Amino acid sequence: MEPQLKASVTDGVATVVIANPAKRNAMSAAMWRALPGVLDRLAADHAVRALVLTGEGDTFCAGADISALREPGDEQQSLAVRAEDALAAFPKPTLAAVRGFCVGGGSQLAAACDLRFAEEGTRFGITPSKLGIVYPSSSTRRLTALVGPSTAKYLLFSGELMDTERALRTGFVDEVHPAGELDKRVAEFVRVLASRSLLTQAAAKEFADGRADRDAHWAEQARGSGDTAEGVAAFLERRAPRFTYGL
């Protein structure tokens, strides 16, 4: 099978699958190049309320296809950074469902998601020090914001892999589940995300990511949206709300 990104939408949830099983789902240059366009299409789909990123089969992503790094120049890294930035900027909640290996560019993609749920036994690592590669500054800052300076340096300096226990303790992942239970939990949780107010989620995502100049924008969005009135009415009437922001 040719390396590819598979995208689908079901019940308001978009799923993007990294599919390159012959190389443990390593990202080829073509896959890095394609990801921003895939995300743009899904972001523009009003039916999409949340996005799940995962890998084909029993592993998430073993990173960039190392054979491509033999090519001159830094195009591969530039493509990876653009793809990572596009994922971080996706305007709806994103969740990485991680199992097997989440290494190098795989960890880069997982860190760019809003949330990360992992299966027990998953191994995480960021390995540029094994290859003499300078990890991008934007990726380093995102990793540091997620796990703190000490753990970021541990990972980047050593290239060592960490297990799910340490990943959970350091904040790299949000939940860890036994083998066979990850998909069920992810499906359950993204259904919750898809049922909530996208107005609240979109504003919270910007604020949590450090945007400090959009208070007026989101106040205006809230005034023009029916989500607040609907949420209060649904609470008082003891029914599920029907939020419409973004539809």
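**Cores, aromatic pairs and helix α5 in a predicted model**

Both F117 and F189 are buried, where buried means under 20% relative accessible area, exposed over 50% and partly exposed in between (1.4 Å probe, protein chains only). This is a predicted model, in which local features need pLDDT of at least 70 and side-chain atom pairs count only at pLDDT 80 or more, while totals for chains, interfaces and linings use all residues. Residues are numbered from 1 along each chain as its sequence is written, and side-chain values use heavy atoms, with hydrogens and water left out.

**Aromatic pairs**

- The structure holds three aromatic pairs, a pair being rings of Phe, Tyr and Trp (its six-membered ring) with centres within 6.5 Å, counted as stacked when the planes are under 30 degrees apart, as edge-to-face over 60 and as tilted for the rest.
- The ring centres of F117 and F189 are 5.2 Å apart and the planes stand at 55°, so this pair is tilted.
- Because F117 belongs to strand β6 (residues 115-119) and F189 to helix α7 (residues 182-195), the pair ties together parts that are 72 residues apart in sequence; helices (H or I, at least four residues) and strands (E, at least two) are DSSP runs, numbered from the N terminus.
- For F124 and F172 the centres lie 5.4 Å apart with the planes at 65°, so the pair is edge-to-face.
- F124 is in strand β7 (residues 123-125) and F172 in the loop between α6 (164-170) and β8 (175-177), so parts 48 residues apart in sequence are tied together by this pair.
- F124 and F172 are both buried.

**Nonpolar cores**

- The largest nonpolar core (buried Ala, Val, Leu, Ile, Met, Phe, Trp, Tyr and Cys residues joined through side-chain atoms within 4.5 Å) has 44 residues, of which I18, L51, L53, F60, F124 and F172 touch the most other members.
- With six residues, α1 gives the most to this core.
- Another core, of 11 residues, lies apart from it and includes A50, L182, F189 and L193.

**Charges over rings**

- R24 lies over the face of F101, at 4.5 Å from the ring centre, the criterion being NZ of Lys or CZ of Arg within 6 Å of the ring centre and within 35 degrees of the ring normal.
- The charged end of R166 sits over the ring of Y154, 3.9 Å from its centre.

**Helix α5**

- T151, A152, L155 and L156 are buried in α5.
- These residues lie on the same side of α5 because they cover an arc of only 125° around the axis, taken from the directions from the helix axis to the C-beta atoms.
- S150 and F157, on the other side of α5, are exposed.
- G159, which follows α5, has a positive phi, near 70°.
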